[in-house]
Amino acid sequence: MILIMKLKEKYHFKSGEDIIFEITYETYERIEQAIFGLSIFRIDGTRCYGSNTRVDQVKEFVIEKDGKARVCFDHNKLLPGRYFVDVCIARGMDMIVDYLDTVNEFEITGITEEMGFMKMSHSWEVEGGDHVI
């Protein structure tokens, strides 16, 4: 099994924009209970997010021929910075078939003074003093 990882069409995104990762694979064997996985890391190696088809409850599938898999992150919540991905395919829970690390560096841009690596929906409530927000 050979994995070839690429970002769909571009490498610069705005915070809030959709990001599509496309995994092209070539197989030389039948893979039962196939699982694709993808993790996003900040450039300093901090894992920002990771999931796989099993965790996301994608119906179990078998790989018998070359193909593509895509994962789309709708309205990404990453803050501005540089990131990269790791991608893998496994047979069941215990056997990694192929693993690519530190592939496809990409950049998120935007104007914010927030800190960290992801935007989190929130609100403030302040009581007392002369005002309420």
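Here is a chat between a visitor and a guide about a predicted model of a protein.

Visitor: What makes up the fold here, helices or strands?
Guide: Strands! The protein has nine of them and zero helices. Read along the sequence, the pattern is β-β-β-β-β-β-β-β-β.

Visitor: How many of the residues are buried?
Guide: Of the 133 residues in the protein, 33% are buried. To earn that label, a residue needs a relative accessible area under 20%.

Visitor: What share of the contacts comes from residues 24 or more positions apart?
Guide: If you take contacts with a separation of 6 or more, such residues account for 70% of them.

Visitor: Let's pick a residue. Where is Asp 86, and why does it have no salt bridge?
Guide: Asp 86 sits in strand 8, which covers residues 81-91. The side chain of opposite charge nearest to Asp 86 belongs to Arg 47, and that is 6.3 Å away. A salt bridge needs the nitrogen and the carboxyl oxygen within 4 Å, so this pair doesn't qualify. Asp 86 is buried all the same.

Visitor: What does the side chain of Asp 86 have for company, then?
Guide: One of its polar atoms lies 2.7 Å from the backbone nitrogen of Thr 102. Leaving aside neighbours within four places in sequence, Asp 86 is also in contact with other residues, including Gly 37, Leu 38, Phe 41 and Tyr 99.

Visitor: Thr 102 again! Is that residue buried or exposed?
Guide: Thr 102 has a relative accessibility of 53%. The cut-off for exposed is over 50%, so Thr 102 counts as exposed. Thr 102 is in strand 9, and its phi is positive, about 55°, although it isn't a glycine.

Visitor: Which residue of strand 4 has a positive phi without being a glycine?
Guide: Gln 33, which lies in strand 4, has a phi near 50°. As for its surface, Gln 33 has a relative accessible area of 39%. That falls between 20% and 50%, so Gln 33 is called partly exposed.

Visitor: How do you know that Glu 29 and Arg 91 form a salt bridge?
Guide: Check the distance, N to O: 2.7 Å. The limit is 4 Å, so the pair passes. Glu 29 lies in the loop between strand 3 and strand 4 and Arg 91 in strand 8, so the salt bridge ties together parts that are 62 residues apart in sequence. Glu 29 itself is partly exposed, at 38% relative accessibility.

Visitor: How many salt bridges does the structure hold?
Guide: Eight. Among them is the one between Arg 30 and Glu 32, whose closest N and O atoms are 2.5 Å apart. Arg 30 has a relative accessible area of 43% and is partly exposed. Glu 32 is partly exposed too, at 37%.

Visitor: What makes Asp 44 and Arg 42 a salt bridge?
Guide: Their closest N and O atoms are 2.8 Å apart. Since the cut-off is 4 Å, they make the list. Arg 42, with a relative accessible area of 24%, is over the 20% mark and so is partly exposed rather than buried. Salt bridges can also share partners: Glu 22, Lys 68 and Arg 70 are joined into one network that way.

Visitor: Why is Thr 27 called buried?
Guide: Thr 27 has 11% relative accessibility, which is under 20%, so the name fits. You'll find Thr 27 in the loop between strand 3 and strand 4. Its side chain reaches the backbone oxygen of Glu 29 at 2.6 Å.

Visitor: How do you know that Asp 56 and Ser 51 make a polar contact?
Guide: Their side chains come to 3.0 Å, and the distance limit is 3.5 Å. Asp 56 is in the loop between strand 5 and strand 6. At 48% relative accessibility, Asp 56 stays below the exposed cut-off of over 50%, so it counts as partly exposed.

Visitor: And what lines the largest pocket?
Guide: The lining has 17 residues, and Gly 37, Leu 38, Ser 51, Asn 52 and Cys 88 lie nearest the centre of the pocket. Strands 4, 5, 8 and 9 each supply at least two residues of the lining. The space inside comes to about 270 Å³.

Definitions and conventions
Residues numbered from 1 in each chain as written. Predicted model: local features only at pLDDT ≥ 70, side-chain atom pairs only at ≥ 80, totals over all residues. Heavy atoms only, no water. Helix = DSSP H or I, 4+ residues; strand = E, 2+ residues; numbered from the N terminus. Buried < 20%, exposed > 50% of the residue type's maximum accessible area, 1.4 Å probe, protein only. Lys, Arg positive; Asp, Glu negative; His and termini not counted. Polar contact = N/O pair within 3.5 Å; in protein donor to acceptor, adjacent residues only side chain to side chain. Contact = heavy atoms within 4.5 Å. 1 Å grid on protein atoms, 1.4 Å probe; cavity = no way out; pocket = protein on both sides within 12 Å on 5 of 7 lines; lining within 4 Å. Points joined across faces, edges and corners; volume = space filled by probe spheres on them.
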